[in-house]
Amino acid sequence: DKKYKPKKNNNKILIILDNIPEFNTENSSKYNAITYKNYLRDIIKFIKNLKQNLKSKIIVRLYSQDYKKNIYNILKNKFPQISFQRSDKNIYEAFNESKFCIIANNSTSFLEAYSNNVPTILFWTPKTFLPRENVKKILKEAKKLKLFFDKPENLANFLNNDKNDFEKVWKSSLSNNFRKKIIYKFANLDKTKIKKLINILK
């Protein structure tokens, strides 16, 4: 059963990272080596702006390949208090061991999270991913609901504010309806729809 079953008293924040080769071999508009540097810079800026007590709750799930970028060392040297997770750890176990996750790339990961009702914040900036016109409306709605952030400072400020409870945000009827709409439109247990979403977002 892949249903989200968080552990009791769990306060961990899971950040799922992406990575690409230095010389991109795929003909994809997702991003390239240059925009990936922006992507990593935004991740660093986000973590840097978090309060100290939140930084200690961070678990960074590394991509399966490092491509000689030394992502672990870069982040560990900057933020020695954060934890790391290998990508071969079962993703559903990882979800269950976190209070909520931050997915910093427009991959199938967030559809897996949405499909299993895992509290999920989407985070990427326009300089990293440029969505098509038909996706901008979806992201605009998600941004209004505090389910999507496109600036690292805004996401950090939201989490730093003790008055903001993302668990309540996620469980709200508006967020739940949005999640169900995304599942119906793009996941819905149909692999072709997942591929369709990825192609739309590219």
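Which residues of S1 are buried on one side, and which on the other? Select S1, residues 13–16, and you will find both faces covered, with Ile13 and Ile15 buried on one side and Leu14 and Ile16 buried on the other. Buried here means under 20% relative accessible area, exposed means over 50%, and partly exposed lies in between, with a 1.4 Å probe and protein chains only. Helices (H or I, at least four residues) and strands (E, at least two) are DSSP runs, numbered from the N terminus.

Before going further, keep in mind that this is a predicted model, in which local features need pLDDT of at least 70 and side-chain atom pairs count only at pLDDT 80 or more, while totals for chains, interfaces and linings use all residues. Residues are numbered from 1 along each chain as its sequence is written, and side-chain values use heavy atoms, with hydrogens and water left out.

**The sheet around S1**

Stay with S1 and add its neighbours, counting two strands as paired if DSSP finds at least two bridges between them. S1 pairs with S2, residues 58–61, in the parallel sense over four bridges; on that side Ile13 stands opposite Ile58, and Leu14 has Ile59 as its bridge partner. S1 also pairs with S4 in the parallel sense, again over four bridges, and here Ile13 faces Phe100 while Ile15 stands opposite Ile102.

Now widen the selection to the whole sheet, which is open and has six strands in the order S3-S2-S1-S4-S5-S6, with parallel pairing. Strand S3 (83–85) and strand S6 (148–149) stand at the edges with a single partner strand each, so one side of each is left without a neighbour in the sheet. As background, strands of a sheet pair through backbone hydrogen bonds, either parallel or antiparallel.

**S4 and the step to S5**

Next select S4, residues 100–103, whose two faces are both covered: Phe100 and Ile102 are buried on one side, and Cys101 and Ile103 are buried on the other. Three bridges join S4 to S5, residues 120–123, and these two strands run parallel, with Ile103 standing opposite Leu122. Add helix H5, residues 109–115, and you have S4, H5 and S5 together as a right-handed β-α-β unit; right-handed means that, with the strands pointing away from the viewer, the path from the first strand over the helix to the second runs clockwise.

In the loop between H5 and S5, select Asn117, which is partly exposed with a relative accessible area of 35% and has a positive phi, near 55 degrees, in a residue other than glycine.

**Helix H6**

Move to H6, residues 133–144, a helix of 12 residues that reaches 17 Å from its first C-alpha to its last, close to the 16 Å expected at 1.5 Å a residue, where the expected span is 1.5 Å times one less than the number of residues. Its buried residues are Val135, Ile138, Leu139 and Ala142. These cover an arc of only 95 degrees around the axis, which puts them on the same side of H6; the arc is that of the directions from the helix axis to the C-beta atoms. Turn the helix over to see Glu133, Lys137, Lys140 and Lys144, which are exposed on the other side. After H6 comes Lys146, whose phi is positive, near 70 degrees.

**Two loop residues near S2**

Select Ser56 in the loop between helix H2 (52–55) and S2. Ser56 is partly exposed, with a relative accessible area of 34%, and its C-alpha is separated by 9.2 Å from that of Ile13, although the two residues are 43 apart along the chain. Then select Asn70, in the loop between S2 and helix H3 (71–78), where phi is again positive, near 60 degrees, and the residue is partly exposed at 42% relative accessible area.

**An enclosed space**

For the last stop, use a 1 Å grid over the protein atoms alone, on which a cavity is a set of points where a 1.4 Å probe fits but cannot get out, and lining residues have an atom within 4 Å of a point. The count comes to two cavities of 30 Å³ or more, and the second largest holds about 30 Å³ of space, a volume being the space filled by probe spheres set on the points, which are joined across faces, edges and corners. To display the lining of this second largest cavity, select Tyr39, Asp42, Ile43, Ala104, Phe123, Trp124, Thr125 and Thr128; helix H1 (residues 33–48) supplies the largest share, three residues.

Terms used. On a 1 Å grid over the protein atoms alone, a cavity is a set of points where a 1.4 Å probe fits but cannot get out, and a pocket is an open set with protein on both sides within 12 Å along at least five of seven lines; lining residues have an atom within 4 Å of a point.
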